[in-house]
Amino acid sequence: MRFTGKTALVTGSSSGIGRATALLFAREGADVIINGRDEKKIASVVNEVEKLGRRALGIRANVGSFSEVHVMVEQALHAFGHLDILVSNAGVFHHQMLHKMTEEEWDEVLGVDLKGTFNCCRAVINPMIAQKWGRIICITAISGLTGYPNMTHIAAAKTGTHGFTKALAAEVASHGITVNAIAPGLVDTPILVNMTEAEIANYTQRIPVGRIGKPEEIAEACAYFASDQAGYVTGQILNMSGGGLI
Ligand SMILES: NC(=O)c1ccc[n+]([C@@H]2O[C@H](COP(=O)([O-])OP(=O)(O)OC[C@H]3O[C@@H](n4cnc5c(N)ncnc54)[C@H](OP(=O)(O)O)[C@@H]3O)[C@@H](O)[C@H]2O)c1
């Protein structure tokens with residue numbers, strides 16, 4: 001049990017990669033804060049965590065809102081007394097060519113995927129500095145390493161998060177806090193409702209391992225970065241794309 005006595009905030013844990021990560025952390029002994037926008041989905045994952053014998057606190061909050069994130073972190077600290085691990089995972093996805101992209105679409109993706117990471121890190125950093133230990137993991141995407149057509153907004157947000165990860169890692173390493181990012185390729189989660197079957201099949205053909213990823217595989221990497229054993233690894237971006245980017 002790698003996380004006995006630890007508390008983890010996993011944003012966007014009402015679904016997909018975040019849910020798998022929260023459940024793995026709970027199986028490894030952590031208490032977890034389950035976050036998202038949909039109360040029913042949050043309640044369902046809280047229930048799953050509690051069945052594993054761990055405490056879970058469900059908090060509906062928009063990670064794009066500085067004030068909502070601060071209230072969420074205050075609630076978590078009040079409930080558990082400490083916050084040790086942040087997985088900044090919440091994200092939105094829609095394809096759009098730049099010449100059709102609206103200001104609202106751009107602002108939504110940058111607001112959730114990039115500013116959301118700033119908001120969450122800003123809210124947890126002082127408690128982590130005070131306790132001289134912390135683990136921050138940002139879920140980005142390989143589009144942030146390679147670029148991808150129809151994803152200028154997502155690529156910009158994810159590349160921005162890579163720079164943020166490296167800068168923050170250098171800033172807080174001396175306080176016992178590590179900051180790393182995981183850049184997945186295509187992963188089998190509900191976010192894929194935004195793609196047609198033909199698009200998924202076309203993408204899969206170009207993945208050397210011959211399939212798309214599983215949320216549980218991303219969760220395992222989160223658990224490594226969150227562990228004591230990863231204390232000498234910081235400022236890194238782990239490409240998990242089945243060989244799609246080598
Ligand atoms: N799946 C992939 O192929 C893939 C590939 C590369 C990167 N990623 C990244 O992986 C992360 C997780 O995606 P996923 O595939 O697991 O998608 P998902 O199943 O759709 O989950 C997204 C999660 O983010 C939450 N969320 C969205 N906007 C939010 C907001 N403003 N405030 C708080 N929570 C919000 C959702 O909550 P509600 O459902 O309650 O709205 C949900 O829990 C994202 O950052 C995504 O960019 C995914």
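Two residues are in contact if their C-beta atoms, placed from the backbone, lie within 7 Å. The structure is a predicted model, in which local features need pLDDT of at least 70 and side-chain atom pairs count only at pLDDT 80 or more, while totals for chains, interfaces and linings use all residues. Residues are numbered from 1 along each chain as its sequence is written.

**Overall fold**

The chain has 8 helices and 7 strands; helices (H or I, at least four residues) and strands (E, at least two) are DSSP runs, numbered from the N terminus. Along the principal axes, the C-alpha atoms fill a box of roughly 45 × 40 × 35 Å. A compact globule of 246 residues would have a radius of gyration near 18 Å, and the 17 Å of the chain agrees with this. That radius is taken over C-alpha atoms, and the globule rule is 2.2 Å times the number of residues to the power 0.38. Of the 246 residues, 45% are buried. A residue is buried if 20 or more other C-beta atoms lie within 10 Å of its own, exposed if 12 or fewer, and partly exposed in between, with C-beta atoms placed from the backbone. Among contacts with a separation of 6 or more, 72% join residues 24 or more positions apart.

**Ligand shell**

The ligand is surrounded by 30 residues, the closest being Gly12, Gly16, Gly36, Gly91 and Thr189; a residue is near a molecule if its C-beta atom, placed from the backbone, lies within 6 Å of it. Helix H1 (16-27), strand S2 (31-36) and helix H4 (103-131) are the elements that give two or more residues to this shell. H1 supplies the largest share, 3 residues. By class, the shell holds 13 nonpolar, 13 polar and 4 charged residues. Here Ala, Val, Leu, Ile, Met, Phe, Trp, Tyr, Cys and Pro count as nonpolar, Asp, Glu, Lys and Arg as charged, and the others, Gly among them, as polar.

**Helices H6 and H8**

The 21 residues of helix H6 (residues 152-172) reach 30 Å from first C-alpha to last, close to the expected 30 Å at 1.5 Å a residue. The expected span of a helix is 1.5 Å times one less than its number of residues. Buried in H6 are His153, Ile154, Ala155, Ala157, Lys158, Thr161, Thr165 and Leu168. These buried residues pack against H4, S5, helix H5 (143-146), S6 and S7.

Helix H8 (residues 215-226) has 12 residues that should span 16 Å, and its end C-alpha atoms are 16 Å apart, in agreement. Its buried residues are Pro215, Ile218, Ala219, Cys222, Ala223, Phe225 and Ala226. They lie on the same side of H8, because they cover an arc of only 165° around the axis, the arc being that of the directions from the helix axis to the C-beta atoms. Their packing partners are strand S1 (7-10), H1, strand S4 (85-88), strand S5 (134-139), strand S6 (177-184) and strand S7 (237-240).

**Individual residues**

Two residues other than glycine with positive phi are listed below.

| Residue | Phi | Location | C-beta neighbours inside 10 Å | Class |
|---|---|---|---|---|
| Lys132 | about 60° | loop between H4 and S5 | 10 | exposed |
| Asn150 | near 70° | loop between H5 and H6 | 15 | partly exposed |

Arg27 lies in helix H1 and is partly exposed, because 17 other C-beta atoms lie within 10 Å. The C-alpha atoms of Arg27 and Asn119 are separated by 27 Å, with these positions 92 residues apart along the chain counted as their distance apart.
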